[in-house]
Amino acid sequence: INTHTHLELTYDPPPIPAPQGMGPWLQQVVALTRQDSAADQVRRIQAGIRQLLASGATFCHDISRQGACLPWLAQAGLG
């Protein structure tokens, strides 16, 4: 069980390896996402939801900017 997720940070496959650990990796991912358009963010959210559904998840507590994931989670039945 993962107590929360950041669906807008979903990349499939992950573009950045994490050999230096979680902190440096997360800084790189956040820098990468700041370059994205709203459409890019929606594509990442939808990819994350597909991964959740494939894993058998039935609920998702998402922490996203301004609730960007909520309509997509509700549409997928994970809200």
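## T5 and its contacts

T5 is buried, with a relative accessible area of 19%. That counts as buried because the cut-off is under 20%. The model is a predicted one. T5 sits in the segment before α1.

Which residues does T5 touch, leaving out those up to four places away in sequence? They are C60, H61, D62 and I63. Take I63: in sequence, 58 residues separate T5 from I63. In space, their C-alpha atoms are 6.1 Å apart.

## Helix α1 and T33

Helix α1 covers residues 22-33, and T33 belongs to this helix. Is T33 buried or exposed? T33 is buried, at 5% relative accessibility.

The side chain of T33 also has a polar partner. One of its polar atoms lies 2.9 Å from the backbone oxygen of V30.

## Helix α2

Helix α2 runs over residues 38-55. Its 18 residues should span 26 Å, at 1.5 Å a residue. The C-alpha atoms at the ends of α2 are 26 Å apart, so the model agrees with that expectation. Just after α2 comes G56, with a positive phi of about 95°.

Which residues of α2 are buried? They are Q41, R44, I45, A47, G48, I49 and L52. The cover over these buried residues includes α1 and α3, the latter spanning residues 70-75.

Q41 is one of the buried residues of α2. Its relative accessible area is 16%. Beyond residues up to four places away in sequence, Q41 touches E8 and A68.

## Salt bridges

How many salt bridges does the model hold? The count comes to 2.

One links R44 with D36, and the closest N and O atoms are 2.2 Å apart. The two partners are not equally accessible. R44 is buried, at a relative accessible area of 6%. D36 is partly exposed, at 26% relative accessibility. Why does D36 count as partly exposed? Its 26% falls between the buried limit of 20% and the exposed limit of 50%, so D36 is partly exposed.

Another salt bridge joins the side chains of D40 and R43, at 2.3 Å from N to O. D40 and R43 both belong to helix α2. They are 3 residues apart, about one turn of the helix. An α-helix has 3.6 residues a turn, so residues three or four places apart point the same way. D40 is partly exposed, with a relative accessible area of 24%.

## The nonpolar core

The largest nonpolar core has 8 residues. Its members are L7, I45, I49, L52, C60, C69, L73 and L78. Which element gives the largest share of this core? Helix α2 does, with 3 residues. In soluble globular proteins, nonpolar side chains tend to be buried together.

L52 is among the core members, and L52 is also on the list of buried residues of α2. What does L52 contact, apart from its neighbours within four places in sequence? L52 is in contact with L7, A57, C60 and L78. C60 appears again here: T5 touches C60 too.

## In brief

Helix α2 recurs through this account. Q41 lies in α2, and the D40 to R43 salt bridge lies within this helix. Helix α2 also supplies 3 residues to the largest nonpolar core. Away from α2, T5 in the segment before α1 touches C60, H61, D62 and I63.

Definitions and conventions. Residues numbered from 1 in each chain as written. Predicted model: local features only at pLDDT ≥ 70, side-chain atom pairs only at ≥ 80, totals over all residues. Heavy atoms only, no water. Helix = DSSP H or I, 4+ residues; strand = E, 2+ residues; numbered from the N terminus. Buried < 20%, exposed > 50% of the residue type's maximum accessible area, 1.4 Å probe, protein only. Polar contact = N/O pair within 3.5 Å; in protein donor to acceptor, adjacent residues only side chain to side chain. Salt bridge = Lys/Arg side-chain N within 4 Å of Asp/Glu carboxyl O. Expected span 1.5 Å × (residues − 1). Contact = heavy atoms within 4.5 Å. Core = buried A, V, L, I, M, F, W, Y, C linked by side-chain atoms within 4.5 Å.
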